[in-house]
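Welcome, and thank you for taking a look at this protein chain with us. The briefing below walks through it topic by topic, so keep the structure open as you read.

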Amino acid sequence: MRKLLIIVFSLSGFTVCGYAQSNSAQITASVDVIAPITISRAADLNFGRITIGGAGTVVVSSGGTRTQTGSITLLTGGSEAAGHYNNTGRATSTYAVTIPSSVVLKKSGAPTETITADTFTNNAVAITGSSDQLKIGATLHLVGSETVGAYASDLFAVTVAYN
């Protein structure tokens, strides 16, 4: 008779490994919470007192200087001034200013009589310390047929946001 020899291999404890290259690094997460930027109205934009002999403009710069073109005469004794706002926020931060493209000034008692102001300017640079004084200027356009009286706009938004 033939003898059968059976050899049994045990696979226990026998491992075939494939090695892949790996590496790791560590990082942290951080955040810098800063004071929100704020704005508050200190004084309204005022084009002062004028007389009208025909079409022209009145410009109040963000520095408060008032000039005219055309047949407009600037009078003294008015309250001409750039709009003035107080901002607070993070020191040395720059910010953007958003102003409507134009506003309409309506005659008191006759709101269908209007004058348009546009071409707004401002002196925004950066917050120094923790506050800044933002000043707004604009151009008032007169057609020459406006009637005597006081004209004022509705409230309009001046918005500031960190860059």
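Strand E2 gives five residues to the lining of the largest pocket, the most of any element. The model you see is predicted, and its largest pocket holds about 820 Å³ of space. The notes below begin with that pocket, then turn to the whole chain and to some residues worth finding on screen.

**The largest pocket**

- The pocket has 33 lining residues, and the closest to its centre are Asn46, Phe47, Leu105, Tyr151 and Ala152.
- Six strands each give two or more residues to the lining: E1 (38-43), E2 (49-60), E6 (102-107), E7 (110-122), E8 (131-142) and E9 (151-153).
- Sorted by class, the lining consists of 21 nonpolar, seven polar and five charged residues.

**The chain as a whole**

- You will find ten strands here and zero helices.
- Following the sequence from start to end, the pattern reads β-β-β-β-β-β-β-β-β-β.
- The chain has 163 residues, and 26% of them count as buried.
- Taking contacts between residues at least 6 apart in sequence, 67% join residues that are at least 24 apart.
- About 11,300 Å² of the chain is exposed, with carbon and sulfur atoms supplying 55% of that area.

**A residue inside strand E2: Val58**

- Val58 belongs to strand E2, the strand that gives the most to the pocket lining.
- Is Val58 buried or exposed? Its relative accessible area is 0%, so Val58 counts as buried, a label that applies under 20%.
- Leaving out residues up to four places away in sequence, Val58 touches Phe47, Ile50, Arg66, Thr67, Gln68, Ile72, Leu74, Ala138, Thr139, Leu140 and Leu142.
- One of these, Phe47, is also among the residues closest to the centre of the largest pocket.
- Leu140 is 82 residues away from Val58 in sequence, yet their C-alpha atoms are 5.0 Å apart in space.

**The aromatic pair**

- The structure holds one aromatic pair.
- Its partners are Phe120 and Phe156, whose ring centres are 5.7 Å apart and whose planes meet at 50°, so the pair is tilted.
- The pair links distant parts of the chain, with the two residues 36 apart: Phe120 sits in strand E7, and Phe156 in the loop between E9 and strand E10 (159-162).
- Phe120 is buried, at a relative accessible area of 17%, whereas Phe156 is partly exposed, at 28%.

**Two residues with positive phi**

- Thr92 is not a glycine, but has a positive phi of about 70°.
- You can find Thr92 in the loop between strand E4 (83-88) and strand E5 (95-98).
- With a relative accessible area of 68%, Thr92 is exposed.
- Thr119 is not a glycine either, and its phi is positive too, at about 50°.
- Thr119 is placed in strand E7.

**Other residues to look up**

- His84 is in strand E4 and counts as buried, at 17% relative accessibility.
- Apart from neighbours within four places in sequence, His84 is in contact with Ser40, Arg41, Ala42, Ala43, Gln133, Leu134 and Lys135.
- Val97 is part of strand E5.
- Beyond four places in sequence, Val97 touches Asn122, Ala124, Leu134, Ile136, Val158, Thr159 and Val160.
- Val97 and Ala124 are 27 residues apart in sequence, and their C-alpha atoms are 7.3 Å apart.
- Where is Val143 placed? Val143 is in the loop between E8 and E9.
- Val143 is exposed, with a relative accessible area of 60%.
- Once neighbours within four places in sequence are set aside, Val143 is in contact with Gly54 and Ala55.
- The C-alpha atoms of Val143 and Ser71 are separated by 9.8 Å, and the two residues are 72 apart along the chain.

Terms used:
Residues numbered from 1 in each chain as written. Predicted model: local features only at pLDDT ≥ 70, side-chain atom pairs only at ≥ 80, totals over all residues. Heavy atoms only, no water. Helix = DSSP H or I, 4+ residues; strand = E, 2+ residues; numbered from the N terminus. Buried < 20%, exposed > 50% of the residue type's maximum accessible area, 1.4 Å probe, protein only. Contact = heavy atoms within 4.5 Å. Areas by Shrake-Rupley, 256 points an atom, 1.4 Å probe, with all protein chains shown as cover. 1 Å grid on protein atoms, 1.4 Å probe; cavity = no way out; pocket = protein on both sides within 12 Å on 5 of 7 lines; lining within 4 Å. Points joined across faces, edges and corners; volume = space filled by probe spheres on them. Nonpolar A, V, L, I, M, F, W, Y, C, P; charged D, E, K, R; others polar. Phe/Tyr/Trp six-rings, centres within 6.5 Å; stacked < 30°, edge-to-face > 60°.
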